[in-house]
Amino acid sequence: MEKTDGIGKENGSTEEKQSFKDESICGYNSLHRLLSANLKPQLYQEVSRLLLGLNCGTTLETIVPPESAKALSSKHEFDLQAFKFSADKELLREPQVRAGLIKNSIALPTTAPFSDQKKAIFEKLGPIIGAAGTLGVNILCLREAWMMPFAFCTREKRWCEFAKPVNGESTQFLQEFALKYNMVIISSILERDINNGKTHWNTTVIIGNCGNIIGKHRKNHIPRVGDFNESRY
């Protein structure tokens with residue numbers, strides 16, 4: 001996982017652009033690694049309990065990823081963690097589901113051309129989805145509006161250029177991975193409804209493991225709290 005992104009300044013300094021790629025926290029690529037390296041084991045266990053919770057009253061069991069997944073993580077510089085959640089045993093079957101969660105940041109400064117930003121995000125997500133496929137993930141969930149900077153709260157209309165139809169470029173990009181790795185992908189996009197006046201929707205597209213579009217869900221209750229207003233769609 002990677003930390004979330006924000007909207008950058010129009011004219012960033014050289015230092016800001018150079019530090020864009022350095023997303024570490026005091027030299028560590030995740031909060032968990034920072035805490036585990038600097039806290040005593042007993043204290044880290046309690047902090048981990050507060051951050052991750054418990055599973056059936058016990059600490060989450062860590063899963064060691066295969067070498068191929070760890071190689072992708074190392075080469076493309078993203079944090080990879082895996083945990084096992086146990087559940088009450090069923091009498092007639094032994095189901096096992098592997099769910100993957102991707103929290104990606106943007107790949108280029110928000111001052112870059114939109115076409116370059118979009119292409120860079122696609123290139124960034126490819127290896128991460130590949131690692132999920134290597135881990136045998138059955139259901140993969142991407143972050144809200146993963147295919148663009150999270151710009152809704154700015155109320156700047158220009159970001160709506162990233163909007164695409166449900167069967168648009170971002171869905172087509174993911175359909176190949178869904179088919180290749182036999183996984184269902186939950187893809188949150190900014191949708192442009194070309195059949196109804198090009199209305200914009202905050203939409204989740206469900207892509208089946210055969211590469212088909214199973215359906216979609218549109219967000220209907222738009223947050224408006226103080227200056228945080230997503231009413232552009």
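These are my notebook entries on a few strands, helices and loop residues that I looked up in this structure.

**Entry 1: before starting**

I am working with a predicted model, and I keep that in mind throughout.

**Entry 2: the sheet**

I began with the sheet and asked myself in which order its strands lie. I found an open sheet of five strands, and reading across it gives β3-β4-β5-β6-β7. The pairing is mixed. Next I wondered which strands stand at the edges. They are β3 (99-102) and β7 (213-218), and each has a single partner strand, so one side of each is left without a neighbour in the sheet. I also looked up the twist: neighbouring strands are turned by 30° against each other on average, direction ignored.

**Entry 3: β3, at one edge**

I stayed with β3 and looked at its pairing. β3 runs parallel to β4, and four bridges join the two. Going residue by residue, I saw G100 opposite L140 in β4, and L101 opposite C141 in that strand. Then I checked the faces of β3. G100 and I102 make up the covered face, while A99 and L101 make up the uncovered one. To see how the chain gets from β3 to β4, I followed it through helix α5 (residues 114-134); the three elements make a right-handed β-α-β unit.

**Entry 4: from β4 to β5**

I moved one strand along. Strand β4 (residues 139-142) is joined to β5 by three bridges, and the two run parallel. L140 turned up again here: its bridge partner in β5 is I185. The connection is another one to trace in the viewer, since β4, helix α6 (residues 169-181) and β5 make a right-handed β-α-β unit.

How many residues of β5 are buried? I counted through residues 184-193 and got seven of 10, which leaves this strand mostly covered.

**Entry 5: the β5-β6 hairpin**

On to the partner of β5 in the hairpin. Strand β6 (residues 199-207) pairs with β5 in the antiparallel sense, over nine bridges. As one place to look, I picked S188, whose bridge partner in β6 is T204. Five residues lie between the two strands of this hairpin, and in the turn I noted G197, with a positive phi of about 65°.

**Entry 6: two helices side by side**

I left the sheet for a pair of helices. Two packed helices are described by the angle between their axes and the distance between the axes. For helix α2 (residues 31-38) and helix α3 (residues 41-52), I noted an angle of about 160° and axes 9 Å apart. That makes α2 roughly antiparallel to α3, because an angle over 145 degrees counts as such. The crossing of α2 past α3 is right-handed.

Which residues meet between them? From α2 I listed L31, H32, L35 and S36, and from α3 I listed Y44, V47, L51 and L52.

**Entry 7: two loop residues with positive phi**

G197 is a glycine, so I also wrote down two residues that are not. C56 has a positive phi, near 55°. I found C56 in the loop between α3 and β1 (61-62). Is C56 buried or exposed? Its relative accessibility is 59%, so C56 counts as exposed.

N182 is not a glycine either, and its phi is positive at about 55°. N182 lies in the loop between α6 and β5. At 48% relative accessibility, N182 counts as partly exposed, because the exposed class begins over 50%.

Note on methods. Residues numbered from 1 in each chain as written. Predicted model: local features only at pLDDT ≥ 70, side-chain atom pairs only at ≥ 80, totals over all residues. Heavy atoms only, no water. Buried < 20%, exposed > 50% of the residue type's maximum accessible area, 1.4 Å probe, protein only. Pairing = 2+ DSSP bridges. Right-handed = clockwise from strand over helix to strand, strands pointing away. Axes fitted to C-alpha atoms, helices over the stretch in contact; angles between N-to-C directions. Parallel < 35°, antiparallel > 145°, perpendicular 65-115°, else oblique. Left-handed = near helix turned anticlockwise from the far one by under 90°. Contact = heavy atoms within 4.5 Å.
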